[in-house]
Amino acid sequence: MEFIDKDIQDYAAKHTTEASKLLEKIDRETNLNVLRPRMLSGHMQGRILSMFSHMIKPNRILEIGTYTGYSALCMAEGLNAKGKLITIDINEELQPLVEKYFDESPYTNQLQYLIGDAMKLIPTLDDKFDLVFIDADKSNYSNYYDLIINKMNPGGFIIADNILWSGKVTATPKSNDKDTKALIKFNQKVHEDVRVENVLMAVRDGLMILRVL
Ligand code: SAH
Ligand code: CA
């Protein structure tokens, strides 16, 4: 489902800075060679993530759900010079490809790529984060939130992707699938949580932006 008129979307994309050659290559190759390429953030959302990251100038970023590395490299653009981005994915099949892309980027020394179940790996991290991007399995969004909320620096930001789930969160009759239910629960839970301020941005598939108080 598209939320915004197609012409307006094209106009917005045309008036948004292009992604780097490497990001364009990752986008192209993912669409040609990798399963479920729709999961890749893509040009507009990538530029939004990059812009947020530049605003925050994070020292530590955590990404849950690397896929082919597109969003990680977008957020890395805003890291401060000594900053580090940790990204986690359970799919080891993409590891050689992702490592190749990371090595081709200017941020290779600032990227730490962990393979495994994020539910198990996050508790092993000692860092405190300024920016966290939640973009892995939707049924665990609430669990990821619980695991990271105490690992946030005050004033840090959490961004959760796909929280409108192609519009299914408002479908009538109510959608019965597990992911939709989990996302509805997540959106309500963070909205009620006094530890964060929240803005639900209805761009692309929905971004929930949380500021940790
Ligand atoms: N952030 C990427 C897209 C991520 S797609 C981008 O915007 O370009 C979601 C990813 O979450 C997939 O690569 C999938 O393998 C990963 N994933 C699913 N369950 C996971 C889990 N339990 N732990 C870690 N990663 C998981
Ligand atoms: Ca996503």
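**Exercise 1. In this predicted model, identify which atom of ligand 1 lies 3.2 Å from an N or O atom in the side chain of D137, and then describe the surroundings of ligand 1.**

Solution. Begin with D137: an N or O atom of its side chain is found 3.2 Å from a nitrogen atom of ligand 1. Next, turn to the oxygen atoms of the ligand, where a polar side-chain atom of S41 lies 2.6 Å from an oxygen atom of ligand 1, and where the side chain of D89 likewise places an N or O atom 2.6 Å from an oxygen atom of ligand 1. Finally, widen the view to the whole environment, which comprises 20 residues around ligand 1, the closest being S41, G65, S71, D89 and D135.

**Exercise 2. Determine which residues coordinate the calcium ion (ligand 2), and locate D135 and D161 in the chain.**

Solution. First list the donors: D135 contributes OD twice, D161 contributes OD and N162 contributes OD1, at 2.3 to 2.8 Å from the calcium ion (ligand 2). Then read the donor residues along the sequence, where their spacing follows the pattern D-x25-D-N. Distant parts of the chain are linked in this way, for D135 sits in the loop between β4 (129–134) and α7 (141–148), whereas D161 belongs to strand β5, 26 residues apart. As a last step, consider accessibility: both D135 and D161 are buried. D135 also returns from the first exercise, being listed among the closest residues to ligand 1.

**Exercise 3. Work out the order in which the 7 strands of the open sheet are arranged, and state what packs on the sheet.**

Solution. The order is β3-β2-β1-β4-β5-β7-β6, with mixed pairing. The edges are formed by β3 (111–115) and β6 (196–201), each of which pairs on one side only. Neighbouring strands are turned by 15° against each other on average, with direction ignored. Helix α8 (residues 178–192) packs on this sheet and touches β5 (152–161), β6 and β7 (207–212), while its direction makes about 25° with that of β7. For one pairing in detail, take β1 (residues 60–64) and β2 (residues 84–89), which run in the parallel sense over 5 bridges; within this pair, L62 of the sheet stands opposite I86 in β2.

**Exercise 4. Decide whether I159 is buried or exposed, and find what it touches.**

Solution. Start from the position of I159, which is in strand β5. Its relative accessible area is 1%, and therefore I159 is buried. Setting aside residues up to four places away in sequence, I159 touches L49, F52, L131, V132, F133, I134, L207, M208 and I209. For a residue elsewhere in the chain, the C-alpha atoms of I159 and N91 are separated by 22 Å, with their positions 68 residues apart along the chain.

**Exercise 5. Characterise Q110 and S105, both placed in the loop between α5 and β3.**

Solution. Take Q110 first: its relative accessibility is 16%, so Q110 counts as buried. Apart from neighbours within four places in sequence, Q110 is in contact with L79, N80, A81, K82, G83, K84 and L85. One of these, L79, is 31 residues from Q110 in sequence, with 8.6 Å from C-alpha to C-alpha. Now take S105, which counts as buried because its relative accessibility is 6%. The side chain of S105 reaches the backbone nitrogen of T108 at 3.5 Å, and, not counting residues up to four places away in sequence, S105 touches L22, L73 and L111.

Methods
Residues are numbered from 1 along each chain as its sequence is written. Chains are lettered from A and ligands numbered from 1 in the order in which they are written. This is a predicted model: local features need pLDDT of at least 70, side-chain atom pairs count only at pLDDT 80 or more; totals for chains, interfaces and linings use all residues. Side-chain values use heavy atoms; hydrogens and water are left out. Two strands pair if DSSP finds at least two bridges between them. Helices (H or I, at least four residues) and strands (E, at least two) are DSSP runs, numbered from the N terminus. Axes are lines fitted to C-alpha atoms, for helices over the stretch in contact, and angles run from 0 to 180 degrees between N-to-C directions. Contact means heavy atoms within 4.5 Å. Donors are N, O and S atoms within 2.8 Å of the metal (3.2 Å for Na, K and Ca); water is not among the atoms, so sites may look incomplete. Buried means under 20% relative accessible area, exposed over 50%, partly exposed in between (1.4 Å probe, protein chains only). A residue is near a molecule or strand if one of its heavy atoms lies within 4 Å of it. A polar contact is a pair of N or O atoms within 3.5 Å; within protein, one must be able to donate a hydrogen and the other to accept it, and residues adjacent in sequence count only if both atoms are side-chain atoms.
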